[in-house]
Every structure is written in C-alpha cells, then in structure tokens.
Amino acid sequence: MGSSAGSWRRLEDSEREETDSEPQAPRLDSRSVLWKNAVGFWILGLCNNFSYVVMLSAAHDILKQEQASGNQSHAVLLADILPTLVIKLLAPLGLHLLPYSPRVLVSGVCSAGSFVLVAFSQSVGLSLCGVVLASISSGLGEVTFLSLTAFYPSAVISWWSSGTGGAGLLGSLSYLGLTQAGLSPQHTLLSMLGIPVLLLASYFLLLTSPEPLDPGGENEAETAARQPLIGTETPESKPGASWDLSLQERWTVFKGLLWYIIPLVLVYFAEYFINQGLFELLFFRNTSLSHAQQYRWYQMLYQAGVFASRSSLQCCRIRFTWVLALLQCLNLALLLADVCLNFLPSIYLIFIIILYEGLLGGAAYVNTFHNIALETSDKHREFAMEAACISDTLGISLSGVLALPLHDFLCHLP
C-alpha cells in the first residue's frame, strides 16, 4: 500500500508540475508580444511626427532662400494646420470606412512625397504642396494609430506618446545637425526617405495582430480603472467595431469626451499662442546669444519638455487634466505680460518657464488619451480616440488665428 500510495503521490506531483509549467511558455510569449507592440508604437509615433518636423523646417529654409514674404510664411502655417484639421474633423464621421492598412500606406506615401517635393522644389507653390502632404501624413497617421491603440493594452499609449515627443526633439536636431555638417537641405531631406519606410515596416512587420484585450497585459490598477464611464461595456471589440455605431451613439460618446477634449484644447491654445506669437518677442540683449540662437534654445527646451512628459506616464498619472490647462493659461499670461512690460530679469528664467510649458503640454496629451482609454467601453474606444484627436489641432488652429495678428501688433508697438 505504501508503495502504491507513493507512486500515486509521485504521479500527482508530476502532473501538478506539468500543469504548473504549462502557462510559463505563454507568459514568455505574451511578454515578447507586449514588447514588440510597445516598441512598434514608439517607432510609429517617432516616424509619424519626425517627417513632419523635419520637412516643415526644410520648407522654411527654402522659403527663406526664395526670399518669401511674410504672407507666404503665414501660408506655410496654414498649409501646415488646415489639412490636419480637416482630416481630424471628418475622421469620426467617415474614416472608419477605410481599413487600417490602406490608411497607413497613404500616410507613408504622403510622408515620402513631402520629402521629395520640398527637396526638389523650385517655387513657393511646390514647397507649400510638400507642407500639405506632410500635414496629411501626420494628421492621418495620428488618427489612425491612436484609434488602433484601442485594441492593445493601454500601455502602448505611453509608448506612442513618447515616440511623438521624441520626434520633435530628434527631428529638429537631426535636420539642424546634418545641414550644419555641410549637407544641403535637398540632400538632407533625401537622406531621410528611410523614415516613411521605417514607419511602414513597423506597422506591417513589427506590430502583432490586434486581439481581444487581455487583462494580463496590464497591471491590476489599470485593470481596475478600466471602467466604462463613457458608453456601455461589451464583451469584446475588434478593429472596425465603430462602424456599427449610430449617429446618436457617437454624439453621446462625444459629449462624454468633452471633459477631456476642452482642457486639451485650452492647453494647446495657450501653448501655441506662446510658441507662435511670443517666442520671437522674448528677446534679451544682456546675453551672448543672438536673437536667432535664443529662438532655437526656446524651441529645443520646449521640445525637450514635451518629450520628457510624454514619456512620463509610468511615473506620473494625472486624472484631472483641467489643472494642466489652468497652469498653461497662467504661463501664457505671464509671458504675455513680460513681452509688454519686460519685468523678467534673466533669459534663464524664460528657459525654465518654456521647459515647464513643454512639460505641461506633453503631460496633458498623454494623460488625456490614457484616461479616455481607461474610461470608455471596448465598443466605443476606437471612436473615442478618433474623436479626441481633434483637441490639439483645434487648439493650435485657434491660437494661430489670434497669435499671428497679436504678434504683428506687438512688433509695431513703440
């Protein structure tokens, strides 16, 4: 009997060991998949905004070489903003009719086309067409990839946001570095045609196919927080689920999103009012930096702040993004007052404020979309991400309407 009992116990122990060991391989596979998707979304964010940043810098160089007027410089800003604004306005209404893969292809082709057009441009018109293509690529890509995050663990939003933040910093530095090294703007642009190729490779070769969300890809706090505060919960969702939403459902979800959309609009309004209307007027004579060098430092510090805060979701999460909107509006008021009254004594104070401005803007972006991902149902999440994409572009557009005339007015003050 002892021998028999011992053999049964050994058999049970053996079966238990086999049972315990079975889930181990899938967990390793799951971890590998999570990392592939995280890296994939980071590269997609980098490439989506990298082309836009580099190409826009080059377009300004070409306009300068062609001695473009101030009105033509304003035309660059319009060509930069309007196509993205139109795409994001129409996206919640009909973009879902086009599957994801064709959208990504169009985005990649437009990105490559913008490089080629601006590189070989011999006129202001062709340069503006390049800006338009870059704007289409960036706007379509942002709507597409953010809505695609609805079918992956919410952590990919942090990676996507970090990639877009890195694009602003790396894009401007790489263009500046290559041109300073002696490459012409044309050759610099042509050398970056690999960026759209990398974007397409990341989407088609690196990302795994979307599957129903698995709570194992999130930590316990995220799983508990993923409650359908906007919309009703459904068992699972798949790409294209928003096709079935009625106009009434879309309107109901959109009204629920206003709690997040309005603060992000205000953040970007104040942020780009500062960038477009005040940066060039924040000039200090008691420093060794020239006016152009001061402006470049402002841009670099701003981009560094955006990159840092868009990469900070794992360290700091903010539920009430309206606080960020209030702080950014206070930033705008402070810098506008300084332009008029010149009461800040040192450029280093301005450096700190502009770095802080970038931190607020990046934090507002990543936390807004992370909160939306947690608080929408599976059925509505894809549509919600598409609809919320309008926030930053709407804020930038509104700021441009007011900041450019104010800039011209302030320039003519005695």
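Buried here means under 20% relative accessible area, and that cut-off matters for the salt bridges of this predicted model. Both Lys 88 and Asp 392 fall on the buried side of it, yet their side chains pair up in a salt bridge, with N to O at 3.0 Å. The two residues come from distant parts of the chain: Lys 88 sits in helix α3 (residues 70-94) and Asp 392 in helix α15 (residues 390-411), 304 residues apart. Nor is this just a pair, since Glu 142 joins Lys 88 and Asp 392 in a network of salt bridges.

A search of the whole structure turns up six salt bridges. Another of them joins Arg 103 to Glu 386, with 3.7 Å between the closest N and O atoms. Arg 103 belongs to helix α4 (residues 100-119) and Glu 386 to helix α14 (residues 378-388), so this pair ties together parts lying 283 residues apart in sequence. Here too, both partners, Arg 103 and Glu 386, are buried.

Helix α14 also supplies Lys 379, which forms a salt bridge with Glu 249 at 3.1 Å between the closest N and O atoms. Because Glu 249 lies in helix α10 (residues 247-278), the pair ties α14 to a part of the chain 130 residues away in sequence. This time the partners are not buried: Lys 379 has a relative accessible area of 24%, so it counts as partly exposed, and Glu 249, at 25%, counts as partly exposed as well.

Turning to the nonpolar side of things, the largest core has 69 residues, and Phe 41, Leu 44, Leu 148, Tyr 203 and Phe 369 have the most contacts inside it. Helix α2 (residues 24-65) gives this core its largest share, ten residues. Domain 1 (31-210) and domain 2 (246-413) each contribute at least three residues to the core. Leu 44 shows what the packing looks like up close: leaving aside neighbours within four places in sequence, it touches Phe 145, Trp 160, Leu 199, Ser 202, Tyr 203 and Leu 207. Apart from this core lies another, of 23 residues, including Ala 270, Tyr 298, Val 339 and Leu 410.

Then there is helix α6. Its 26 residues (155-180) should span 38 Å at 1.5 Å a residue, and the end C-alpha atoms are indeed 38 Å apart, so expectation and model agree. The helix does bend, by about 25° at Ala 167. Just after α6, Gly 182 adopts a positive phi of about 120°.

Definitions and conventions
Residues are numbered from 1 along each chain as its sequence is written. This is a predicted model: local features need pLDDT of at least 70, side-chain atom pairs count only at pLDDT 80 or more; totals for chains, interfaces and linings use all residues. Side-chain values use heavy atoms; hydrogens and water are left out. Helices (H or I, at least four residues) and strands (E, at least two) are DSSP runs, numbered from the N terminus. The expected span of a helix is 1.5 Å times one less than its number of residues. The bend at a residue is the angle between axes fitted to the seven residues ending there and the seven starting there. A nonpolar core is a set of buried Ala, Val, Leu, Ile, Met, Phe, Trp, Tyr and Cys residues joined through side-chain atoms within 4.5 Å. Buried means under 20% relative accessible area, exposed over 50%, partly exposed in between (1.4 Å probe, protein chains only). Domain bounds come from an automatic or database domain assignment. Contact means heavy atoms within 4.5 Å. A salt bridge is a side-chain nitrogen of Lys or Arg within 4 Å of a carboxyl oxygen of Asp or Glu.
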